[in-house]
Amino acid sequence: MRTLVVNPGSSSLKLSVVDGGVQVASRTLDGWGGVPARWPILDVLAASGPVDAVGVRIAHGGDRDGPRLLDEGELRALEEFVPLAPLHQPRSLALARVVVEVLPDVRVFGCFDTSFHAGMPAHATTYPVPREWTERFRLRRYGFHGLSCAYAVRAAAGALGRDPAGLSLLCCHVGSGVSVTAVLDGRSVDTSMGLTPLDGVAMATRSGGLDPGLLLHVQRTGGLSAGEVESALTHHSGLAGLSGTSGDVRRVLAARAAGDEHADLAIRVYLHRLRREIGAARVSLDRLDALVLTGGVAEHEPALVAELLDGLAHLGIAVAPAALAGTGDRVVSPETARTRVLLVAAGEDVEIAHQVERAGLAV
Ligand SMILES: Nc1ncnc2c1ncn2[C@@H]1O[C@H](COP(=O)(O)OP(=O)(O)O)[C@@H](O)[C@H]1O
Ligand SMILES: CC(=O)OP(=O)(O)O
Ligand SMILES: [Mg+2]
(Lines give C-alpha, C1' and ligand atoms only; values in the text may rest on other atoms or scores of the structure.)
(Ligands and ions follow the chains in the order given, each with its own letter.)
Protein backbone atom coordinates (compact mmCIF):
# COMPACT_ATOMS: atom_id res chain seq x y z
CA MET A 1 0.00 0.00 0.00
CA ARG A 2 1.32 3.44 -0.98
CA THR A 3 0.62 6.25 1.44
CA LEU A 4 1.20 9.94 0.90
CA VAL A 5 2.29 11.42 4.23
CA VAL A 6 1.88 15.12 4.96
CA ASN A 7 3.83 16.26 8.02
CA PRO A 8 3.63 19.96 8.79
CA GLY A 9 6.05 20.84 11.61
CA SER A 10 6.61 24.23 13.19
CA SER A 11 9.66 24.96 11.02
CA SER A 12 9.23 22.66 8.02
CA LEU A 13 6.77 20.86 5.79
CA LYS A 14 7.75 17.27 5.11
CA LEU A 15 6.00 15.31 2.37
CA SER A 16 6.71 11.73 1.54
CA VAL A 17 5.30 8.62 -0.04
CA VAL A 18 5.82 5.45 1.97
CA ASP A 19 5.38 1.95 0.61
CA GLY A 20 5.81 -1.08 2.86
CA GLY A 21 7.58 1.00 5.52
CA VAL A 22 10.03 2.48 3.00
CA GLN A 23 10.09 6.07 1.75
CA VAL A 24 9.86 6.03 -2.05
CA ALA A 25 9.70 9.81 -2.58
CA SER A 26 10.09 12.85 -0.36
CA ARG A 27 10.19 16.63 -0.37
CA THR A 28 11.04 18.90 2.57
CA LEU A 29 10.33 22.60 2.68
CA ASP A 30 12.72 23.92 5.35
CA GLY A 31 11.66 27.18 6.94
CA TRP A 32 8.13 26.71 5.62
CA GLY A 33 5.97 29.66 6.64
CA GLY A 34 2.74 27.67 7.01
CA VAL A 35 0.97 28.75 3.81
CA PRO A 36 -0.80 25.67 2.39
CA ALA A 37 -0.25 25.03 -1.33
CA ARG A 38 -0.98 22.35 -3.90
CA TRP A 39 2.40 22.40 -5.66
CA PRO A 40 4.54 20.52 -3.10
CA ILE A 41 1.88 17.81 -2.95
CA LEU A 42 1.73 17.56 -6.75
CA ASP A 43 5.52 17.57 -6.84
CA VAL A 44 5.94 14.57 -4.52
CA LEU A 45 3.11 12.71 -6.27
CA ALA A 46 4.81 13.30 -9.62
CA ALA A 47 7.89 11.58 -8.21
CA SER A 48 6.03 8.67 -6.60
CA GLY A 49 3.10 7.91 -8.90
CA PRO A 50 -0.43 7.21 -7.59
CA VAL A 51 -1.13 6.60 -3.90
CA ASP A 52 -3.75 4.45 -2.15
CA ALA A 53 -4.29 6.63 0.92
CA VAL A 54 -3.11 9.79 2.64
CA GLY A 55 -2.04 10.38 6.24
CA VAL A 56 -1.84 13.92 7.60
CA ARG A 57 0.03 14.62 10.81
CA ILE A 58 -2.22 16.58 13.13
CA ALA A 59 -0.72 17.81 16.36
CA HIS A 60 -3.84 17.96 18.52
CA GLY A 61 -6.40 15.16 18.44
CA GLY A 62 -7.76 15.64 21.97
CA ASP A 63 -8.42 12.18 23.39
CA ARG A 64 -8.60 10.37 20.00
CA ASP A 65 -6.53 7.25 20.52
CA GLY A 66 -5.84 6.55 16.84
CA PRO A 67 -6.30 7.80 13.26
CA ARG A 68 -9.56 9.21 11.95
CA LEU A 69 -10.95 9.55 8.43
CA LEU A 70 -10.86 13.27 7.64
CA ASP A 71 -14.27 14.14 6.27
CA GLU A 72 -15.66 17.66 6.60
CA GLY A 73 -17.30 16.82 9.95
CA GLU A 74 -14.04 15.55 11.44
CA LEU A 75 -12.07 18.54 10.10
CA ARG A 76 -14.58 20.89 11.73
CA ALA A 77 -14.39 18.96 15.00
CA LEU A 78 -10.59 19.24 15.00
CA GLU A 79 -10.84 23.03 14.72
CA GLU A 80 -11.78 22.96 18.40
CA PHE A 81 -8.06 22.53 19.13
CA VAL A 82 -6.80 25.47 17.05
CA PRO A 83 -6.50 27.70 20.15
CA LEU A 84 -4.55 24.96 21.96
CA ALA A 85 -2.01 24.43 19.16
CA PRO A 86 -2.03 27.70 17.17
CA LEU A 87 1.32 27.04 15.50
CA HIS A 88 0.36 23.57 14.23
CA GLN A 89 -3.37 22.89 14.05
CA PRO A 90 -4.39 25.52 11.44
CA ARG A 91 -1.57 24.39 9.10
CA SER A 92 -2.51 20.73 9.36
CA LEU A 93 -6.21 21.32 8.81
CA ALA A 94 -5.61 23.67 5.88
CA LEU A 95 -3.26 21.14 4.27
CA ALA A 96 -5.72 18.31 4.82
CA ARG A 97 -8.33 20.33 2.92
CA VAL A 98 -5.86 20.92 0.07
CA VAL A 99 -5.11 17.19 -0.11
CA VAL A 100 -8.83 16.36 -0.23
CA GLU A 101 -9.14 18.76 -3.19
CA VAL A 102 -6.10 17.35 -4.97
CA LEU A 103 -7.03 13.69 -4.40
CA PRO A 104 -10.84 13.62 -4.11
CA ASP A 105 -11.04 9.85 -4.62
CA VAL A 106 -8.40 8.85 -2.07
CA ARG A 107 -9.14 8.35 1.63
CA VAL A 108 -7.39 10.93 3.84
CA PHE A 109 -6.66 10.04 7.48
CA GLY A 110 -5.60 12.29 10.33
CA CYS A 111 -2.89 10.83 12.59
CA PHE A 112 -2.39 12.59 15.89
CA ASP A 113 0.65 13.50 17.99
CA THR A 114 -1.53 13.12 21.06
CA SER A 115 -2.75 9.54 20.48
CA PHE A 116 0.40 7.82 21.76
CA HIS A 117 -0.14 9.53 25.12
CA ALA A 118 -3.90 8.82 25.35
CA GLY A 119 -3.33 6.05 27.92
CA MET A 120 -1.17 8.06 30.34
CA PRO A 121 -2.15 7.50 33.97
CA ALA A 122 -4.45 10.04 35.64
CA HIS A 123 -1.70 11.33 37.93
CA ALA A 124 0.25 12.37 34.81
CA THR A 125 -2.69 13.87 32.89
CA THR A 126 -4.32 15.85 35.70
CA TYR A 127 -3.44 19.46 36.54
CA PRO A 128 -3.38 20.46 40.20
CA VAL A 129 -5.97 23.23 39.76
CA PRO A 130 -9.54 23.54 41.11
CA ARG A 131 -11.50 20.46 39.98
CA GLU A 132 -14.22 22.76 38.75
CA TRP A 133 -11.69 24.25 36.23
CA THR A 134 -10.71 20.80 34.99
CA GLU A 135 -14.33 20.08 34.11
CA ARG A 136 -15.32 23.53 32.89
CA PHE A 137 -12.27 24.09 30.66
CA ARG A 138 -11.74 20.38 29.89
CA LEU A 139 -8.17 20.54 31.14
CA ARG A 140 -5.76 17.63 30.84
CA ARG A 141 -2.20 17.02 29.82
CA TYR A 142 -2.29 15.50 26.32
CA GLY A 143 1.35 15.43 25.23
CA PHE A 144 2.67 15.74 21.66
CA HIS A 145 5.34 14.25 19.35
CA GLY A 146 3.62 10.88 19.90
CA LEU A 147 4.01 9.78 16.27
CA SER A 148 7.74 10.39 16.51
CA CYS A 149 7.93 8.58 19.87
CA ALA A 150 5.93 5.59 18.64
CA TYR A 151 8.35 5.20 15.74
CA ALA A 152 11.43 5.77 17.93
CA VAL A 153 10.30 3.07 20.37
CA ARG A 154 9.96 0.55 17.54
CA ALA A 155 13.29 1.60 16.02
CA ALA A 156 15.05 1.37 19.39
CA ALA A 157 13.55 -2.06 20.03
CA GLY A 158 14.81 -3.21 16.62
CA ALA A 159 18.29 -1.81 17.26
CA LEU A 160 18.49 -3.42 20.72
CA GLY A 161 16.95 -6.71 19.61
CA ARG A 162 14.16 -6.32 22.18
CA ASP A 163 10.37 -6.49 22.18
CA PRO A 164 9.03 -2.88 22.33
CA ALA A 165 6.48 -3.97 24.95
CA GLY A 166 9.33 -4.82 27.32
CA LEU A 167 11.29 -1.59 26.92
CA SER A 168 11.59 1.23 29.43
CA LEU A 169 12.83 4.35 27.66
CA LEU A 170 13.13 8.07 27.71
CA CYS A 171 12.30 9.42 24.26
CA CYS A 172 13.54 12.94 23.54
CA HIS A 173 12.23 14.58 20.38
CA VAL A 174 14.64 17.45 19.75
CA GLY A 175 13.59 19.35 16.65
CA SER A 176 12.03 22.75 16.33
CA GLY A 177 9.64 21.60 19.06
CA VAL A 178 11.25 19.66 21.92
CA SER A 179 9.73 17.14 24.33
CA VAL A 180 10.69 14.30 26.64
CA THR A 181 8.47 11.23 27.09
CA ALA A 182 8.78 8.44 29.63
CA VAL A 183 7.89 5.12 27.97
CA LEU A 184 7.27 2.20 30.33
CA ASP A 185 6.87 -1.22 28.73
CA GLY A 186 6.33 0.44 25.36
CA ARG A 187 3.61 2.88 26.57
CA SER A 188 3.74 6.58 27.35
CA VAL A 189 3.42 7.19 31.09
CA ASP A 190 4.45 10.84 31.26
CA THR A 191 5.56 13.55 28.87
CA SER A 192 6.78 17.12 29.10
CA MET A 193 4.18 18.80 26.88
CA GLY A 194 0.70 19.30 28.28
CA LEU A 195 -2.65 20.74 27.26
CA THR A 196 -0.66 22.56 24.58
CA PRO A 197 2.72 22.08 22.88
CA LEU A 198 4.10 25.12 24.76
CA ASP A 199 4.98 23.23 27.92
CA GLY A 200 8.19 21.51 29.00
CA VAL A 201 11.55 22.15 27.39
CA ALA A 202 12.66 25.48 25.87
CA MET A 203 12.33 25.18 22.07
CA ALA A 204 13.31 27.01 18.89
CA THR A 205 10.75 29.79 19.37
CA ARG A 206 8.58 28.48 22.23
CA SER A 207 9.26 29.15 25.90
CA GLY A 208 8.51 25.74 27.35
CA GLY A 209 7.22 25.60 30.93
CA LEU A 210 7.20 28.79 33.00
CA ASP A 211 6.25 29.87 36.47
CA PRO A 212 2.51 30.61 36.11
CA GLY A 213 3.13 33.61 38.36
CA LEU A 214 5.44 35.04 35.66
CA LEU A 215 2.50 35.12 33.24
CA LEU A 216 0.29 36.86 35.76
CA HIS A 217 3.06 39.35 36.48
CA VAL A 218 3.71 40.38 32.86
CA GLN A 219 -0.01 40.60 32.11
CA ARG A 220 -0.70 42.68 35.18
CA THR A 221 2.27 45.01 35.08
CA GLY A 222 2.63 45.25 31.30
CA GLY A 223 -1.09 45.30 30.50
CA LEU A 224 -0.48 42.58 27.90
CA SER A 225 -3.44 40.89 26.21
CA ALA A 226 -3.79 37.10 25.96
CA GLY A 227 -2.94 37.38 22.24
CA GLU A 228 0.25 39.33 22.95
CA VAL A 229 1.36 36.79 25.57
CA GLU A 230 0.55 33.90 23.22
CA SER A 231 2.54 35.46 20.40
CA ALA A 232 5.56 36.13 22.64
CA LEU A 233 5.59 32.60 24.10
CA THR A 234 4.98 30.90 20.75
CA HIS A 235 7.08 32.89 18.28
CA HIS A 236 9.56 35.02 20.22
CA SER A 237 10.76 32.91 23.13
CA GLY A 238 13.04 29.87 23.49
CA LEU A 239 16.29 30.03 21.53
CA ALA A 240 14.92 32.84 19.35
CA GLY A 241 13.94 35.04 22.27
CA LEU A 242 17.15 34.45 24.19
CA SER A 243 19.59 34.80 21.30
CA GLY A 244 17.87 37.27 18.99
CA THR A 245 18.20 34.81 16.07
CA SER A 246 15.45 32.87 14.28
CA GLY A 247 15.77 30.09 16.84
CA ASP A 248 17.25 27.68 14.32
CA VAL A 249 19.89 25.82 16.36
CA ARG A 250 22.36 26.16 13.49
CA ARG A 251 22.21 29.94 13.73
CA VAL A 252 22.42 30.02 17.51
CA LEU A 253 25.46 27.73 17.49
CA ALA A 254 27.12 29.87 14.82
CA ALA A 255 26.50 32.99 16.90
CA ARG A 256 27.92 31.28 20.00
CA ALA A 257 31.01 30.21 18.06
CA ALA A 258 31.46 33.85 17.02
CA GLY A 259 31.54 34.85 20.70
CA ASP A 260 27.94 36.09 21.13
CA GLU A 261 27.16 35.92 24.86
CA HIS A 262 23.36 35.89 24.37
CA ALA A 263 23.67 32.87 22.10
CA ASP A 264 25.92 31.20 24.67
CA LEU A 265 23.37 31.71 27.45
CA ALA A 266 20.57 30.56 25.10
CA ILE A 267 22.31 27.21 24.53
CA ARG A 268 23.05 26.79 28.23
CA VAL A 269 19.40 27.44 29.16
CA TYR A 270 18.19 25.11 26.37
CA LEU A 271 20.42 22.24 27.51
CA HIS A 272 19.69 22.80 31.20
CA ARG A 273 15.92 22.72 30.60
CA LEU A 274 16.22 19.62 28.46
CA ARG A 275 18.32 17.80 31.09
CA ARG A 276 15.86 18.89 33.77
CA GLU A 277 12.93 17.34 31.86
CA ILE A 278 14.94 14.18 31.27
CA GLY A 279 15.63 13.94 35.00
CA ALA A 280 11.96 14.60 35.80
CA ALA A 281 10.72 11.95 33.35
CA ARG A 282 13.13 9.38 34.82
CA VAL A 283 11.05 9.21 38.02
CA SER A 284 8.16 7.66 36.07
CA LEU A 285 10.27 4.62 35.15
CA ASP A 286 11.32 1.78 37.42
CA ARG A 287 14.36 1.16 35.22
CA LEU A 288 15.96 2.89 32.25
CA ASP A 289 16.96 0.66 29.36
CA ALA A 290 17.74 3.44 26.93
CA LEU A 291 17.64 7.13 26.19
CA VAL A 292 16.48 7.69 22.61
CA LEU A 293 17.16 10.99 20.86
CA THR A 294 15.34 11.89 17.66
CA GLY A 295 14.28 15.01 15.66
CA GLY A 296 16.18 17.47 13.45
CA VAL A 297 18.57 18.77 16.13
CA ALA A 298 19.39 15.31 17.52
CA GLU A 299 20.01 14.01 13.99
CA HIS A 300 22.21 16.81 12.73
CA GLU A 301 24.05 18.31 15.70
CA PRO A 302 26.23 15.58 17.30
CA ALA A 303 28.43 18.09 19.13
CA LEU A 304 25.36 19.54 20.86
CA VAL A 305 24.14 16.02 21.68
CA ALA A 306 27.55 15.33 23.27
CA GLU A 307 27.19 18.51 25.36
CA LEU A 308 23.71 17.43 26.46
CA LEU A 309 24.79 13.92 27.43
CA ASP A 310 27.84 15.23 29.30
CA GLY A 311 25.50 16.54 31.98
CA LEU A 312 23.61 13.25 32.41
CA ALA A 313 26.27 10.98 33.92
CA HIS A 314 24.20 10.62 37.13
CA LEU A 315 21.61 8.69 35.06
CA GLY A 316 24.29 6.22 34.01
CA ILE A 317 24.50 7.93 30.63
CA ALA A 318 27.78 8.20 28.76
CA VAL A 319 28.79 8.73 25.17
CA ALA A 320 31.22 6.91 22.87
CA PRO A 321 32.73 9.72 20.72
CA ALA A 322 33.51 7.43 17.76
CA ALA A 323 29.89 6.24 17.57
CA LEU A 324 28.59 9.78 17.91
CA ALA A 325 30.67 10.84 14.91
CA GLY A 326 29.04 8.13 12.76
CA THR A 327 25.92 8.42 10.63
CA GLY A 328 22.47 6.82 10.54
CA ASP A 329 20.52 5.27 13.39
CA ARG A 330 23.07 4.15 15.97
CA VAL A 331 23.89 3.33 19.58
CA VAL A 332 26.17 6.12 20.80
CA SER A 333 26.85 4.88 24.35
CA PRO A 334 29.91 2.78 25.23
CA GLU A 335 29.44 -1.02 25.28
CA THR A 336 29.85 -1.02 29.06
CA ALA A 337 27.31 1.75 29.81
CA ARG A 338 24.38 0.83 32.07
CA THR A 339 21.96 2.82 29.93
CA ARG A 340 22.08 2.63 26.16
CA VAL A 341 21.81 5.88 24.20
CA LEU A 342 20.43 5.76 20.68
CA LEU A 343 20.16 8.32 17.91
CA VAL A 344 17.21 7.62 15.64
CA ALA A 345 16.21 9.65 12.56
CA ALA A 346 12.67 10.97 13.10
CA GLY A 347 10.22 8.52 11.54
CA GLU A 348 6.87 10.27 11.82
CA ASP A 349 6.22 9.51 8.14
CA VAL A 350 6.80 5.78 8.54
CA GLU A 351 4.65 5.72 11.69
CA ILE A 352 1.83 7.63 9.96
CA ALA A 353 1.91 5.26 6.97
CA HIS A 354 1.86 2.31 9.39
CA GLN A 355 -1.19 3.73 11.21
CA VAL A 356 -2.97 4.55 7.95
CA GLU A 357 -2.37 1.05 6.67
CA ARG A 358 -3.98 -0.42 9.79
CA ALA A 359 -6.84 2.10 9.78
CA GLY A 360 -7.42 1.56 6.05
CA LEU A 361 -7.89 -2.14 6.61
CA ALA A 362 -10.29 -1.48 9.46
CA VAL A 363 -12.57 0.96 7.56
N1 LIG B 1 21.42 19.98 8.89
C2 LIG B 1 20.21 20.26 9.39
N3 LIG B 1 19.11 20.13 8.64
C4 LIG B 1 17.89 20.41 9.13
N5 LIG B 1 17.67 20.85 10.40
C6 LIG B 1 18.73 21.00 11.20
C7 LIG B 1 20.05 20.72 10.74
N8 LIG B 1 20.87 20.95 11.76
C9 LIG B 1 20.14 21.38 12.77
N10 LIG B 1 18.84 21.42 12.46
C11 LIG B 1 17.77 21.85 13.38
O12 LIG B 1 16.61 21.02 13.31
C13 LIG B 1 15.45 21.85 13.36
C14 LIG B 1 14.33 21.19 12.61
O15 LIG B 1 13.98 19.99 13.26
P16 LIG B 1 12.70 19.21 12.78
O17 LIG B 1 12.54 18.05 13.71
O18 LIG B 1 12.82 18.92 11.33
O19 LIG B 1 11.60 20.32 13.06
P20 LIG B 1 10.06 20.48 12.73
O21 LIG B 1 9.53 19.11 12.39
O22 LIG B 1 9.51 21.00 14.00
O23 LIG B 1 9.91 21.46 11.64
C24 LIG B 1 15.84 23.16 12.73
O25 LIG B 1 15.15 24.23 13.34
C26 LIG B 1 17.32 23.26 13.03
O27 LIG B 1 17.51 24.02 14.20
C1 LIG C 1 4.33 19.37 18.61
C2 LIG C 1 5.55 20.01 18.06
O3 LIG C 1 6.19 20.76 18.74
O4 LIG C 1 5.88 19.67 16.80
P5 LIG C 1 7.12 20.24 15.96
O6 LIG C 1 8.35 19.81 16.66
O7 LIG C 1 6.98 19.58 14.62
O8 LIG C 1 6.99 21.71 15.93
MG1 LIG D 1 8.57 17.72 13.46
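This note reviews the overall build, the domains, the surroundings of ligand 1 and one helix packing in a predicted model.

1. Overall build. The chain contains 15 helices and 12 strands. Its radius of gyration is 20 Å, close to the 21 Å that the globule rule gives for 363 residues, so the chain is as compact as a globular protein of that length. Taken along the principal axes, the box filled by the C-alpha atoms is roughly 55 × 55 × 45 Å.

2. Division into domains. Two domains are assigned to the chain: domain 1 (2-142 + 349-362) and domain 2 (161-343). The student should note that domain 1 is written as two stretches of sequence, 2-142 and 349-362. The C-alpha centres of domain 1 and domain 2 are 23 Å apart.

3. Contact between the domains. Domain 1 contributes 19 residues to this contact, and domain 2 contributes 15 residues. On the side of domain 1 that touches domain 2, the residues divide by class into 11 nonpolar, 6 polar and 2 charged.

4. Surroundings of ligand 1. There are 17 residues around ligand 1, and those that come nearest are Gly9, Gly175, Ser176, Gly296 and His300. By class, the shell around ligand 1 consists of 4 nonpolar, 10 polar and 3 charged residues.

5. Origin of the shell. Which domains supply the shell around ligand 1 with at least three residues each? Both domain 1 (2-142 + 349-362) and domain 2 (161-343) do so. With regard to helices, α10 (249-257) and α12 (296-300) each provide at least two residues of this shell. The greatest share is that of α12, which gives 3 residues to the shell around ligand 1.

6. Packing of two helices. Two packed helices are described by the angle between their axes and the distance between the axes. Here, helix α6 (residues 146-160) packs with helix α15 (residues 348-362) at an angle of about 90 degrees, and their axes are 8 Å apart. Angles of 65 to 115 degrees count as roughly perpendicular; α6 and α15 are therefore roughly perpendicular to each other.

7. Residues at the helix contact. Which residues of α6 meet α15? They are Leu147, Ser148, Ala150 and Tyr151, and their counterparts in α15 are Glu348, Val350, Glu351 and Ile352. By class, this contact of α6 with α15 has 5 nonpolar residues, 1 polar residue and 2 charged residues.

Terms used. Residues numbered from 1 in each chain as written. Chains lettered and ligands numbered in written order. Predicted model: local features only at pLDDT ≥ 70, side-chain atom pairs only at ≥ 80, totals over all residues. Axes fitted to C-alpha atoms, helices over the stretch in contact; angles between N-to-C directions. Helix = DSSP H or I, 4+ residues; strand = E, 2+ residues; numbered from the N terminus. Parallel < 35°, antiparallel > 145°, perpendicular 65-115°, else oblique. Contact = placed C-beta atoms within 7 Å. Nonpolar A, V, L, I, M, F, W, Y, C, P; charged D, E, K, R; others polar. Near = placed C-beta within 6 Å. Domains from an automatic or database assignment. Rg over C-alpha atoms; globule rule 2.2 N^0.38 Å.
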